[in-house]
Protein chains: 2
Amino acid sequence: MELAMVRDSIVPLTQLDPVYLDRGTFFGDGVYEVVRSYRGRLFALTEHLERFERSQREIALRLTDTAELRRRIERAFAEAGLPEAAVYFHLTRGSAKREHTWPEGLEPSFFLTVTALPDTAGIKEKGVAVATHPDWRWKRCDIKSLNLLPNILAKQAANARGCFEALLVDEQGRITEGASSAVLAVVGDALVTRPLGPEILPSITRHFVLRLAERAGLTVVEKPFTPAEAVAADELLLAVTTKDVVPVVSVDGRPIADGRPGPRTRRLAAEFAELAGA
Amino acid sequence: MELAMVRDSIVPLTQLDPVYLDRGTFFGDGVYEVVRSYRGRLFALTEHLERFERSQREIALRLTDTAELRRRIERAFAEAGLPEAAVYFHLTRGSAKREHTWPEGLEPSFFLTVTALPDTAGIKEKGVAVATHPDWRWKRCDIKSLNLLPNILAKQAANARGCFEALLVDEQGRITEGASSAVLAVVGDALVTRPLGPEILPSITRHFVLRLAERAGLTVVEKPFTPAEAVAADELLLAVTTKDVVPVVSVDGRPIADGRPGPRTRRLAAEFAELAGA
């Protein structure tokens with residue numbers, strides 16, 4: 001008899017809850033998004049749904065109707081009634097007996113959570129320390145997939161060094177992005193960030209920050225930079241959905257400028273807050 | 001109220017089955033093994049458990065007692081009563097609200113299946129076709145983790161081309177390994193395979209095949225080779241737990257030698273069968 005064991009309990013395979021056979025768990029065979037709300041309104045849901053659809057396409061997932069996804073997200077968000085919420089959602093390829101290749105017609109599995117966002121005023125006021133880590137990720141980081149083991153290992157290592165985030169560094173010694181954020185530097189009047197490509201996520205927060213650059217008196221320059229260049233920058237910042245603009249005040253213990261959040265970063269954060277209705 | 005949505009049903013987060021918050025699904029934050037049996041006996045369980053313990057260490061998982069794991073595996077295998085079985089098992093870091101970094105003291109989640117192995121006499125007799133694919137995986141493929149999206153995408157692409165397996169090719173144009181197998185070539189009296197390193201799994205079947213080389217009149221040479229060199233080889237073979245030695249008869253449609261399984265591969269398969277008690 002084919003069977004499964006969950007912890008130390010045996011269950012016939014035919015009676016097993018399909019959630020245990022989710023290809024999301026066996027292979028990380030799925031894609032996800034995180035959207036946040038400001039004062040009871042979801043920000044940039046359309047952009048997140050567009051990226052989500054692209055991610056589904058890139059891993060050849062059977063497309064789930066985006067209008068239906070939007071309805072589910074809006075319904076769950078309304079039901080939760082949390083003004084400052086993170087809405088996480090993923091689609092996996094579905095549940096099946098574990099085999100690398102997937103059967104035709106598998107029903108994708110949708111899962112979502114709505115959780116309260118912690119207050120980020122403190123880290124936005126004081127800025128955060130970051131630590132570099134080799135970028136061990138796969139070659140398609142433009143897909144927002146559930147294969148995040150290198151990300152969490154890097155972030156945990158940074159945390160163990162008292163840092164908020166890991167800056168991932170490629171084999172050419174250049175920063176790709178944070179373990180769960182985009183990275184931008186202010187150098188004179190330039191807002192410098194790595195151009196989009198398969199090695200980084202097309203960050204939606206980055207997208208909006210770049211759109212706001214002009215209002216902060218900055219010109220966008222898309223080119224990669226090294227940790228040494230990051231330390232030598234006038235200001236350094238992270239862009240991440242759940243916290244939008246986060247000032248970085250040190251890299252591997254070396255302070256950026258005077259070690260305090262800079263004026264351009266504050267300006268970008270203020271512009272972002274206005275845009276998002278924060 | 002914090003909540004989850006499973007498909008289209010809303011559940012308060014406090015009432016959600018923790019399996020839905022498994023870090024294995026959110027991040028692929030776990031490691032696994034597959035062991036097989038021949039005629040009612042598990043083969044190389046000790047070696048698999050040793051590798052499993054190493055994988056746990058490499059991702060800083062709270063170690064689960066190997067003797068206890070062995071007891072569970074043997075109990076489940078005995079209960080299933082399948083003489084030719086695949087035993088799959090994984091440990092994830094456990095269930096928690098989704099956050100990249102993990103809390104102290106999380107209880108790892110163990111999951112196992114015992115399933116009947118399909119008969120492989122046909123593919124061992126006729127050999128298999130394989131197709132090359134860029135190796136998109138992360139930089140720590142020596143860890144047998146649940147981050148397998150590049151593997152399944154490569155294998156699915158190979159399947160779509162009528163092939164059994166994908167041979168992954170690194171940026172230097174050399175084969176690393178198969179999407180779920182090791183790759184070896186017979187060139188004259190040499191059995192050639194890529195040396196172990198972070199870019200390939202320390203395959204247990206490969207290990208035993210190398211130990212049997214001498215009996216097949218072959219000398220082991222550990223060096224990388226290209227798809228062109230694979231096609232020019234006298235014989236090509238895969239090593240994989242569930243099917244042990246599988247002859248490869250073509251790469252990207254180009255036949256190996258006369259396009260039939262060669263004598264050294266057959267000999268290695270026969271020696272392996274004897275060793276494993278098949």
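This report describes the overall build of chain A and then a set of local features in chains A and B of a predicted model.

## Overall build of chain A

The secondary structure of chain A consists of eight helices and 15 strands. Its radius of gyration is 20 Å, close to the 19 Å that the globule rule gives for 278 residues, so chain A is as compact as a globular protein of that length. Along the principal axes, the C-alpha atoms of chain A fill a box of roughly 65 × 40 × 30 Å.

Of the 278 residues in chain A, 60% are buried, and among its contacts with a separation of 6 or more, 70% are accounted for by residues 24 or more positions apart. The accessible surface of chain A comes to about 11100 Å², and carbon and sulfur atoms contribute 50% of that area. Chain A carries 36 positive and 38 negative charges, and the mean positions of these two sets are 1 Å apart.

## Helix H6 of chain B

Helix H6 of chain B spans residues 204–212, and because seven of its nine residues are buried, this helix is largely enclosed by the rest of the structure. The buried residues of H6(B) are Ile204(B), Thr205(B), Arg206(B), Phe208(B), Val209(B), Leu210(B) and Leu212(B). The N-terminal end of H6(B) is capped by Ser203(B), which places a side-chain oxygen 3.4 Å from the backbone nitrogen of Thr205(B).

Beyond this helix, in the loop between H6 and strand E12 (219–222) of chain B, lies Leu218(B), which counts as buried at 5% relative accessibility. Once neighbours within four places in sequence are left aside, the residues in contact with Leu218(B) are Val186(B), Gly188(B), Asp189(B), Ala190(B), Leu191(B), Ala213(B), Arg264(B) and Leu268(B). For one of these partners, Val186(B), the separation from Leu218(B) is 32 residues in sequence and 8.1 Å in space, taken from C-alpha to C-alpha.

## Residues with positive phi

Most residues other than glycine have a negative phi. Asp252(A) has a positive value, near 50°, and is placed in the loop between strand E14 (244–251) and strand E15 (254–255) of chain A. With a relative accessible area of 31%, Asp252(A) is partly exposed.

In chain B, Arg7(B) likewise has a positive phi, of about 55°, although it is not a glycine. The position of Arg7(B) is in the loop between strand E1 (3–6) and strand E2 (9–12) of chain B, and its relative accessible area of 51% makes this residue exposed.

## Buried positions in chain A

Gly30(A) is placed in strand E3, which covers residues 30–38 of chain A, and at 0% relative accessibility Gly30(A) counts as buried. Apart from neighbours within four places in sequence, Gly30(A) is in contact with Ile59(A), Leu91(A), Thr92(A), Lys144(A), Ser145(A) and Leu146(A). The C-alpha atoms of Gly30(A) and Ser203(A) are separated by 18 Å, and these two residues are 173 residues apart along the chain.

Thr241(A) is found in the loop between strand E13 (235–240) and E14 of chain A, where this residue is buried with a relative accessible area of 17%. Not counting residues up to four places away in sequence, Thr241(A) touches Val34(A), Val35(A), Arg36(A), Tyr38(A), His48(A) and Thr205(A).

## Buried loop positions in chain B

Phe43(B) lies in the loop between strand E4 (41–42) and helix H2 (45–58) of chain B and is buried, with a relative accessible area of 14%. With neighbours within four places in sequence set aside, Phe43(B) is in contact with Val35(B), Arg36(B), Ser37(B), Tyr38(B), His48(B), Phe208(B), Phe272(B), Leu275(B) and Ala276(B). Among these partners, Ala276(B) is 233 residues from Phe43(B) in sequence, and their C-alpha atoms are 6.2 Å apart in space. Another of the partners, Phe208(B), is one of the buried residues of H6(B).

Thr101(B) is placed in the loop between strand E5 (85–92) and strand E6 (109–116) of chain B and, at 14% relative accessibility, counts as buried. Leaving aside neighbours within four places in sequence, Thr101(B) is in contact with Lys155(A), Gln156(A) and Asn159(A) of chain A, and with Arg23(B) of chain B.

Notes. Residues numbered from 1 in each chain as written. Chains lettered and ligands numbered in written order. Predicted model: local features only at pLDDT ≥ 70, side-chain atom pairs only at ≥ 80, totals over all residues. Heavy atoms only, no water. Helix = DSSP H or I, 4+ residues; strand = E, 2+ residues; numbered from the N terminus. Rg over C-alpha atoms; globule rule 2.2 N^0.38 Å. Buried < 20%, exposed > 50% of the residue type's maximum accessible area, 1.4 Å probe, protein only. Contact = heavy atoms within 4.5 Å. Areas by Shrake-Rupley, 256 points an atom, 1.4 Å probe, with all protein chains shown as cover. Lys, Arg positive; Asp, Glu negative; His and termini not counted. Charge placed at Lys NZ, Arg CZ, Asp CG, Glu CD. Polar contact = N/O pair within 3.5 Å; in protein donor to acceptor, adjacent residues only side chain to side chain.
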